[in-house]
Amino acid sequence: MEERKQFLCGVVEGFYGRPWSLDQRKVLFQWMQCWGLNTYLYGPKDDLKHRLLWREVYSPEEEGQLRTLILEAKSRGLRFVYALSPGQDIVFSSACDLTLLKRKLRQVSDLGCQAFAILFDDIDHSMCQADTEAFSSFAQAQVTVTNEIYRFLGEPPIFLFCPTEYCSSLCSPSVSKSPYLQTVGEALLPNITVVWTGSKVISRRLSVDCLAEVKCVLQRAPLIWDNLHANDYDSRRLFLGPFKGREPRLRSHLRGLLLNPNCEFEANFVPLHTLGSWYRAGKWGRKDEECEYCPDKALSAALRDWMEELNQPLQAGRQTPQTEKCGCKTSDRFDCPPASRGPSSIAKLPVLPLNSSSPPSSPTRSKRLGDGKEGERMRTNQPHQPYQQLPEPRPEATFGKGRGKKAQGQGLCGGKGLLSETQVRLLIGLHYLPHEQGPSAHKMLQDLTWLKTNCHLVGANSNKAPPQKIDEWRSRASRFLSLCEDIVQLHCSVVGGANRAVLYDLYPYVWDLRNTALVAKAFICWLDGRVLSDGSSLGSWKNCFHWCGKSTGPEQQGRESEPWVFKGGVSGEVQMLLPIGSCSDLFTHPPPLYPTSRRYNIRPYQNKDKVELYRMVRQLYMRNQGGQESSAVHPDVIGDRCLGPCLALSPEYGFILEDELGVCGCVLGILDVRSFAKRCQASWLPAMRDKYPTKGGHAYPYTQDLVKLMEEDQGEYPDSLLYHFPSQLRLDALPDLVDISISRTLLNALLAALKANGSQGVFCEVQPTDQQRLEFLTKLGFLEILRGEARSREGLVLGRLL
């Protein structure tokens with residue numbers, strides 16, 4: 001009776017995606033014991049024998065793994081609840097299926113498990129003909145089987161039932177009038193606990209009134225399966241914020257509360273730590289301030305403990321045995337008996353490798369033109385291959401301060417450094433909660449929205465704007481750029497940190513946000529003085545920015561929407577505030593196979609960059625030709641042909657990519673190809689003829705061949721192409737970029753600028769033999785428009801609508 005009355009508080013591993021490893025679960029049990037939590041429910045959706053192949057019994061090896069897990073939980077003073085999800089294909093009236101269900105649960109019971117759950121969530125309401133003839137309703141079929149299993153197991157003190165209508169929004173027509181819930185409340189045996197998620201699948205808040213209504217219909221206090229921190233519905237979102245929106249006084253209306261957290265194990269330190277604080281608040285019936293729960297105070301306490309954890313040299317997957325450490329200041333409130341360790345080599349699913357081949361070290365700039373291969377892994381909710389272990393990162397150097405020179409006055413990206421508390425607060429603030437942005441994310445979105453709305457103050461023709469308004473815009477822009485720079489530095493620090501376990505779990509998210517911040521930062525820098533007025537032939541900021549998002553995700557969702565209505569988290573919201581925000585495929589790409597701490601910057605072109613860009617394209621040309629530069633060719637002719645027209649006539653649509661060694665890429669754009677071609681004929685080509693005369697005693701006789709090609713480059717494109725794709729671009733990057741997606745990020749900065757000034761489409765010309773560039777642009781979403789005949793020489797023209 002005592003066990004039936006105790007409040008169950010802990011963790012449910014119930015998400016879709018790769019289940020946690022055995023070693024990770026052992027660490028979870030250690031955390032739970034230290035923080036006063038008492039219950040773990042095993043129910044990962046992608047464990048085949050939990051859901052899809054529920055009829056199959058466990059193999060002897062799997063039995064050993066499960067027994068180890070059950071004993072580990074018991075040694076920590078935790079209740080281990082085993083859940084089974086047979087609802088997808090069970091025939092409720094089948095004696096065979098009932099026998100198989102009993103066999104499976106009896107096997108787990110023989111391993112030492114004493115608490116169970118039957119889950120019928122996320123399934124179709126329909127029944128087969130045999131079940132329709134045997135049962136009066138879908139609910140009656142589920143209740144009959146559940147009651148039978150409950151009696152078969154000897155009526156254990158903890159037995160959970162998850163209904164198909166498990167939240168208010170799924171009830172038809174409502175909670176109080178749902179025939180399904182009424183049947184469950186009346187027919188389910190009274191000591192079976194019903195699982196509930198609240199008003200929504202992911203509830204912003206849990207109220208006493210809503211729980212009272214559910215309790216009345218079910219005729220028992222429900223147990224909350226809390227999806228507040230679950231992130232399996234969006235591969236770009238992570239939730240590191242505190243447990244919030246559930247007052248401790250709700251406990252008197254509940255049988256328990258189990259948190260279904262992030263798929264990434266290491267992301268759950270703060271959520272579970274604060275859950276422990278919530279559970280302890282008022283636990284002993286006291287009402288003094290010490291026992292009241294405050295999410296902000298709980299977050300601060302969790303952050304202090306997480307700082308210690310983040311700076312521990314832990315290996316990926318937690319496979320390396322570590323000295324037992326609770327990692328929390330509250331551990332002295334509880335008795336923490338030593339754990340009984342099972343064999344550490346056993347794991348439910350494959351886990352991250354202890355020793356894997358490391359990638360080659362990043363080359364220096366003098367070797368950047370050697371062959372390089374990039375790998376990439378698509379982050380999905382399906383089981384995946386883990387990241388490879390990292391080489392030691394290189395020191396960072398200041399942007400634009402010369403190649404190979406060490407940074408002065410800046411923190412290093414490389415080395416096993418320590419994350420600062422300010423950086424960890426930034427990390428949490430950018431990945432807060434599904435219905436609420438953290439302070440740093442809120443400030444970032446607020447500033448970006450204001451800067452976009454008021455960009456006319458610093459437009460190309462902003463002479464009429466009051467100086468104080470211009471100063472305000474630039475002041476807020478400086479604050480926004482500083483935050484973006486902090487995000488870039490955060491990415492470097494996470495990659496260069498000591499804790500590899502945290503790195504591998506958080507890297508896809510900090511990497512995604514880093515790339516988005518680079519685009520936003522470059523775009524805000526570009527806005528200052530480059531937005532066209534109403535006189536543009538293609539458009540202007542006034543008729544363009546209605547394409548941008550006008551509100552943030554939470555504003556669009558409202559308080560009643562599920563958080564998956566708006567995907568992407570902070571990255572997605574920043575994306576939607578950019579001119580190309582509706583082109584989601586531009587922002588969806590996998591992180592690199594090898595996380596790198598190399599620090600990148602994207603900024604608008606400056607005149608001083610010309611020398612470095614000319615040097616870069618000359619080296620690329622030499623590499624493609626497979627030989628050394630001829631002394632008979634002028635050193636500028638390659639740059640003049642490839643980059644010269646754009647740098648001279650369209651510098652406002654140039655963006656530079658830098659890493660710590662200097663310039664490593666660029667993208668150049670032309671807003672209106674028709675008018676640009678006329679300007680080239682009028683000014684650029686005459687200047688080139690003067691620079692490279694056909695007669696006289698100059699020392700570069702072979703230069704004339706490339707001068708002729710310059711003239712051919714300015715041939716006409718067909719009107720059918722320019723009607724849909726009035727703009728053009730050229731992308732160049734050195735081949736040793738470990739993170740190839742940075743080229744896409746660079747390209748996004750230009751596309752945002754082109755669309756901001758009214759372009760509806762952009763194209764680029766690629767030689768069919770340039771397979772690397774062709775494959776990259778095809779992956780980016782450029783569509784093949786025209787082969788040959790497009791110019792005076794054969795080429796491949798690729799275009800993209802904006």
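This passage describes the aromatic rings of a predicted model and the contacts they make.

A pair of aromatic rings is described by the distance of the centres and the angle of the planes. Across the whole structure, a search finds 24 aromatic pairs. One of them joins Trp-20 and Phe-265. Their centres lie 5.5 Å apart, with 80 degrees between the planes, and the pair is edge-to-face. This contact links distant parts of the chain. Trp-20 sits in the loop between β1 (8–13) and α2 (22–34). Phe-265 belongs to the loop between β8 (256–259) and α9 (269–280). The two residues are 245 residues apart. Both Trp-20 and Phe-265 are buried.

A further pair is formed by Tyr-58 and Tyr-82. The ring centres are 6.3 Å apart and the planes stand at 80 degrees; because this angle is over 60 degrees, the pair counts as edge-to-face. Tyr-58 lies in the loop between β2 (39–42) and α3 (60–75), whereas Tyr-82 is in strand β3 (residues 79–84), so the pair ties together parts 24 residues apart in sequence. Tyr-58 has a relative accessible area of 4%, which is under 20%, and therefore counts as buried. Tyr-82 is also buried, because its relative accessibility is 0%.

Ring pairs also build a cluster. Its members are Phe-15, Trp-20, Trp-31, Trp-35, Phe-265, Phe-269 and Trp-306. Trp-20 and Phe-265, the edge-to-face pair described above, thus both appear in this cluster.

Charged side chains meet aromatic rings at two further sites. The charged end of Lys-45 sits over the ring of Tyr-16, 5.4 Å from the ring centre. The charged end of Arg-251 sits over the ring of Trp-278, at 5.6 Å from its centre.

How values were computed
Residues numbered from 1 in each chain as written. Predicted model: local features only at pLDDT ≥ 70, side-chain atom pairs only at ≥ 80, totals over all residues. Heavy atoms only, no water. Phe/Tyr/Trp six-rings, centres within 6.5 Å; stacked < 30°, edge-to-face > 60°. Helix = DSSP H or I, 4+ residues; strand = E, 2+ residues; numbered from the N terminus. Buried < 20%, exposed > 50% of the residue type's maximum accessible area, 1.4 Å probe, protein only. Lys NZ or Arg CZ within 6 Å of the ring centre and 35° of its normal.
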